[in-house]
Amino acid sequence: MRALFHDPVSDTWLLFRRPLGVLVVGPEALASIPQVLEEADYEIQRSHRYAAGWLAYEAAPAFDPAFRIHPPRGPLLCVGIFDPPEHVPLPPPRRIEPPSLTPELDEKTYLFHLSRIKEALEAGITYQVNYTFRLEGRSLSDPLSLFLSLVNRSAPSYSAYVEAGDHAVLSFSPELFFRKHRDLVECEPMKGTSRRGTNPDEDAHLVHRLHTSEKNRAENLMIVDMIRNDLGKIAAIGTVEVPHLFSIRTIPYAHQMVSTVRARTSASIPRILEALFPCASITGAPKASTMSIIAREEHSPRGVYTGTVGFWSRETALFNVAIRTLVKDGPRWYYGTGGGIVWDSDPGEEYLEALLKVGALGRPLASPCRPPSCPQR
C-alpha cells in the first residue's frame with residue numbers, strides 16, 4: 001500500500017509508503033468499522049505514526065443504521081499505519097489518456113429519476129437530493145502514472161492517490177471534508193457549479209452569475225446548516241461558526257461555490273467521522289431520508305466516490321470529499337458524477353452539470369443528447 005496527498009495550505013505533496021500494517025474492512029464486516037477506526041487511532045496516539053486511506057460511501061450505516069445504501073461492493077475501509085510521510089516533489093508527468101468510460105444511464109433515464117426525485121421534493125420528504133451516477137470502462141493503464149498525468153490538468157486542490165493491491169483511488173477532489181489541527185476542525189462544503197468561460201470577460205460574468213445565484217446560494221446554505229448541525233455534535237459549546245459564505249473557487253474546468261464552517265473540539269478522528277460522515281454536501285437534506293431516496297433512485301453503489309480519502313496523526317488530519325474521483329478495481333475503472341437537486345432545478349441543466357464534472361479527467365464528457373431534446377446551456 002502507498003498513498004500520496006496534496007496539502008493545499010502548504011502546497012506540498014505527502015508520500016506514505018511501506019505501511020507497518022493495513023486494516024481492510026469488507027461489506028460482510030460493516031459493523032466493525034468504528035472499532036477498526038478506533039484501533040487505528042489507538043496505534044497513532046501511542047506513537048508518532050499516521051493512518052492514511054479511504055472510507056467508502058457505503059460505510060455510512062456503520063455510524064447510523066438509519067442510513068440506507070445500495071448493497072456495497074469492494075472494500076468499505078482501507079487504512080494503512082505509516083511512519084511520518086516524506087515531503088516530495090511530483091515527477092514530471094507523462095501524458096496518458098484516461099480510460100474510455102461509458103455512463104451507466106442515458107439522458108432519458110436520468111430525467112426519469114429526476115422526475116421521481118421532484119415528486120419527493122414536492123411531498124416535503126426531502127429538500128435537496130444529491131443524485132449521482134457512475135461511468136465505467138476497462139483499461140490496463142498504470143494508476144500512478146495516470147494520476148500524475150491528470151492531476152496537473154485538474155489542479156491539485158485536495159487530490160489524493162491511494163493504491164492497495166488491485167485497487168487504486170485517484171481523487172482530484174476540489175472539496176475539503178474536514179481538516180483538523182489540534183482542537184480546531186474546519187469544513188468547506190461545496191455546492192454550486194458553473195462552467196468556465198471561453199475568454200476572461202465571459203469567465204468573470206459566469207463567476208458573478210454563480211455568486212449571485214439565489215438557487216445556488218440556497219443550496220449552499222442548506223448544506224452549511226447541516227454541517228453546522230453535524231459539527232455541533234462534537235464541538236465545544238458556542239464554538240461553531242461560519243467565517244466565509246458563498247466564496248467562489250476556480251479550477252481549470254469549473255467555478256465552485258464554497259463556504260467554511262469551523263469549530264473547536266476535543267473529539268477523536270473516529271468520533272468526528274461518526275458525526276460528519278457521509279458529508280452532507282453529497283447526500284442532501286435531511287440526511288437519513290434523503291439517503292433512502294438515493295438508494296432507491298441510483299443504479300449502483302457509489303464505492304469510494306462521495307466517501308472520503310485522507311490521513312490523520314496525533315495533532316493533524318486532512319480528509320477530502322471523494323468527488324471527481326476515479327477508482328480502479330482490477331482492470332475495471334469507475335468514475336462518479338452528479339449534483340444537488342432542489343425543487344426548482346432544471347433537469348437539463350443538471351444533466352449538463354453532471355457531464356461538466358467529468359472535466360477532472362481532462363475534458364468534459366460530450367452530451368449524448370440530440371436536438372430538439374438537448375437542453376441549451
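This report walks through the fold, the packing, two cysteines and two sample residues of a predicted model.

**Overall build**

Let's start with the whole chain. The protein has 8 helices and 20 strands, and its C-alpha trace spans about 60 × 50 × 45 Å along the principal axes. A compact globule of 377 residues would have a radius of gyration near 21 Å, and the 19 Å found here agrees with that. Buried residues make up 57% of the 377. If you take the contacts with a separation of 6 or more, 75% of them join residues 24 or more positions apart. As for the outside, the accessible surface comes to about 15,800 Å², and carbon and sulfur atoms account for 52% of it.

UniProt, in an unreviewed entry, puts the feature "domain: Chorismate-utilising enzyme C-terminal" at residues 107-357. In the model that span is 35% helix and 34% strand, and its end C-alpha atoms lie 16 Å apart.

**What's packed inside**

Nonpolar side chains tend to be buried together in soluble globular proteins. Here the largest nonpolar core holds 91 residues, and the members touching the most others are Ile33, Phe147, Leu170, Phe177, Phe178, Leu231 and Trp312. Helix 3 (residues 143-154) supplies the largest share of this core, with 6 residues. There is also a second, separate core of 21 residues, with Ala3, Val169, Val304 and Val327 among them.

Phe177 is a handy place to look around. Beyond its neighbours within four places in sequence, its contacts include Leu273, Leu276, Phe277 and Phe319, along with Cys187 and Cys279. Glu186, Glu188, Thr308 and Asn320 are also among the residues that Phe177 contacts.

**Two cysteines, no bond**

Why don't Cys187 and Cys279 pair up? A disulfide needs sulfur atoms within 2.5 Å, and the sulfur of Cys187 is 6.9 Å from its closest cysteine sulfur, in Cys279, so that is too far for a bond. Seen from the other side, the closest cysteine sulfur to Cys279 is the one in Cys187. The disulfide count for the model is 0. Cys187 is buried, at 1% relative accessibility, and Cys279 is buried too, with a relative accessible area of 4%.

**Two residues, inside and out**

Leu176 lies in strand 11 (residues 176-181). Is Leu176 buried or exposed? It counts as buried, because its relative accessibility is 0%. Away from its sequence neighbours within four places, Leu176 contacts Tyr158, Glu186, Glu188, Leu318, Phe319 and Val321.

Tyr127 sits in the loop between helix 2 (107-122) and strand 8 (128-138). With a relative accessible area of 52%, Tyr127 is exposed. Even so, Tyr127 touches Leu121, Met222, Ala285, Pro286, Ile341 and Val342, leaving out residues up to four places away in sequence.

Each of these two residues also has a partner that is far off in sequence, as the table shows.

| Pair | Apart in sequence | C-alpha to C-alpha |
|---|---|---|
| Leu176 and Phe319 | 143 residues | 6.5 Å |
| Tyr127 and Trp343 | 216 residues | 7.4 Å |

Phe319 ties a few of these threads together. Leu176 contacts Phe319, and so does Phe177.

Conventions
Residues are numbered from 1 along each chain as its sequence is written. This is a predicted model: local features need pLDDT of at least 70, side-chain atom pairs count only at pLDDT 80 or more; totals for chains, interfaces and linings use all residues. Side-chain values use heavy atoms; hydrogens and water are left out. A nonpolar core is a set of buried Ala, Val, Leu, Ile, Met, Phe, Trp, Tyr and Cys residues joined through side-chain atoms within 4.5 Å. Buried means under 20% relative accessible area, exposed over 50%, partly exposed in between (1.4 Å probe, protein chains only). Helices (H or I, at least four residues) and strands (E, at least two) are DSSP runs, numbered from the N terminus. Contact means heavy atoms within 4.5 Å. UniProt positions are given in the numbering used here, feature names are shortened, and annotations may be inferred rather than shown by experiment. The radius of gyration is taken over C-alpha atoms; the globule rule is 2.2 Å times the number of residues to the power 0.38. Accessible areas come from the Shrake-Rupley method with a 1.4 Å probe; for residues, only the protein chains shown count as cover.
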